[in-house]
Amino acid sequence: MTTVKPTPEQWGVLNGQDVYLYRLQNSNGIKVDITNFGATVIAISTPDRKGNFADIAFGFDDLDGYVNDGHFVGSIVGRYANRINGGLVELDGKFHQLTVKPGGYHHHGGAIGFNKKVWRSTPIINDGCPGVEMEYLSPDGEEGFPGNLLAKVTYTLNNENQLIVDFLAKTDSTTLLNLTQHTYFNLAGHASGSILGHELMMPLDNYLPVNKNQVPHGEIAPVDGTPFDFKSPKAIGKDINANDEQLNLSDGYDHSWVIKTKNSGELKLAAKVTEPVSGRVLTVYTTEPAVHLYPGNALDGAVGKGGAVYNRRSGFCLETQQYPDSPNQPHFPNTVLREGEVFKSKTIFEFGITSN
């Protein structure tokens with residue numbers, strides 16, 4: 001199979017900017033559809049153990065669906081994914097008030113984050129595999145963040161059935177940065193209902209407890225003896241409704257798990273999810289220091305592709321990222337980016353099947 005650059009397909013126009021759709025396809029028939037609105041993954045087609053293909057990613061049939069979406073479906077989230085308590089941050093002796101939600105915390109980049117921007121897009125061949133590069137220049141002061149920030153994400157689909165997500169960012173003034181990819185998965189097929197029977201394994205010893213606003217309060221807690229222990233595979237739904245203070249605060253799992261790395265460029269296993277009926281497996285590797293599990297607790301019945309209804313807990317996200325609220329927690333990994341520095345990270349979503 002000869003690799004060719006993905007062909008941009010005109011998908012709409014938003015505020016005078018062209019929105020395109022790209023399809024990446026590998027030699028095994030796996031397909032990933034991506035749009036430059038929000039640098040968003042809109043479909044992922046993979047086979048089950050019988051060889052039957054299905055789309056396992058949430059999405060919408062048209063651009064309007066994404067413009068009106070309130071759940072960050074498939075998109076890149078930034079300039080700072082997840083939450084910052086209070087929203088007032090100090091950088092190099094200057095205070096900056098970020099956009100906050102009711103409750104007084106910054107969330108997923110603010111009122112109009114990276115998921116609602118049209119990114120500049122370029123189809124590429126990356127190491128012999130189809131890909132697409134997306135760039136967005138976030139201006140100084142956007143959502144309260146200082147500095148002009150150039151964010152770049154490169155998607156590559158290789159013949160090992162891996163969707164590789166590479167981030168790169170630069171700034172002209174000290175700022176904060178935390179980028180993540182926010183696809184909702186259902187390995188039985190995006191329209192298949194509850195994901196609580198999916199079996200999840202995360203070989204991680206610690207997680208970050210939160211307050212009532214789902215903002216970490218600073219503790220790095222062991223998972224042993226708690227519903228947050230996924231070191232051995234178990235159904236996502238096994239303990240999700242347990243009478244646990246942290247689960248009660250967050251209406252289920254909405255937490256980050258700590259990934260211990262020796263250096264910032266080291267790829268580590270973050271999670272492995274198996275759907276027992278179809279046999280589909282999703283394995284996630286990342287250089288990021290945390291992975292956030294969100295099993296769609298607040299999904300509210302939005303109508304997606306082909307009339308699919310995305311109800312509560314019908315899709316899950318594994319958001320590889322920095323620790324939430326790092327600007328307020330000095331012992332958390334640093335999320336400050338300064339002029340002259342280059343931020344890089346890599347996350348791999350690997351698609352497979354199990355025979356049993």
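**Aromatic contacts, a pocket and selected residues**

One aromatic cluster is formed by Tyr 207, Phe 228, Phe 230, Tyr 253 and Trp 257 in this structure, which is a predicted model. A member of that cluster, Phe 230, also carries a charged neighbour over its face, where Lys 234 is placed at 4.5 Å from the ring centre. The count of aromatic pairs comes to 19. For the rings of Tyr 323 and Phe 332, the centres are 4.9 Å apart and the planes stand at 75°, which is over the 60 degrees required, and the pair is therefore edge-to-face. Tyr 323 has a relative accessible area of 6%, which lies under the 20% limit, so this residue is classed as buried. Phe 332, with a relative accessibility of 5%, is likewise under 20% and therefore counts as buried. In general terms, a pair of aromatic rings is described through the distance of the centres together with the angle of the planes.

Empty space left between the atoms can be revealed by rolling over them a probe the size of a water molecule. The second largest pocket has a volume of about 460 Å³. Its lining comprises 23 residues, of which Phe 72, Arg 83, Lys 101, His 107 and His 108 are the closest to the centre of the pocket. When the lining of the second largest pocket is divided by class, 7 residues are nonpolar, 11 are polar and 5 are charged. At least two residues of this lining are supplied by strand E10 (105-107), and at least two by strand E24 (290-294).

Two further residues illustrate contrasting degrees of accessibility, Ser 121 being buried and Thr 7 exposed. Ser 121 belongs to strand E11, which spans residues 120-126, and its relative accessibility of 17% falls under 20%, so that the residue counts as buried. The side chain of Ser 121 is engaged in a polar contact with the side chain of Tyr 22, at a distance of 2.7 Å. Thr 7, by comparison, is located in the segment before strand E1 (9-14), and because its relative accessible area of 62% is over 50%, Thr 7 is classed as exposed. Although Thr 7 and Thr 122 are 115 residues apart along the chain, a separation of 9.7 Å is found between their C-alpha atoms.

Definitions and conventions
Residues numbered from 1 in each chain as written. Predicted model: local features only at pLDDT ≥ 70, side-chain atom pairs only at ≥ 80, totals over all residues. Heavy atoms only, no water. 1 Å grid on protein atoms, 1.4 Å probe; cavity = no way out; pocket = protein on both sides within 12 Å on 5 of 7 lines; lining within 4 Å. Points joined across faces, edges and corners; volume = space filled by probe spheres on them. Helix = DSSP H or I, 4+ residues; strand = E, 2+ residues; numbered from the N terminus. Nonpolar A, V, L, I, M, F, W, Y, C, P; charged D, E, K, R; others polar. Phe/Tyr/Trp six-rings, centres within 6.5 Å; stacked < 30°, edge-to-face > 60°. Buried < 20%, exposed > 50% of the residue type's maximum accessible area, 1.4 Å probe, protein only. Lys NZ or Arg CZ within 6 Å of the ring centre and 35° of its normal. Polar contact = N/O pair within 3.5 Å; in protein donor to acceptor, adjacent residues only side chain to side chain.
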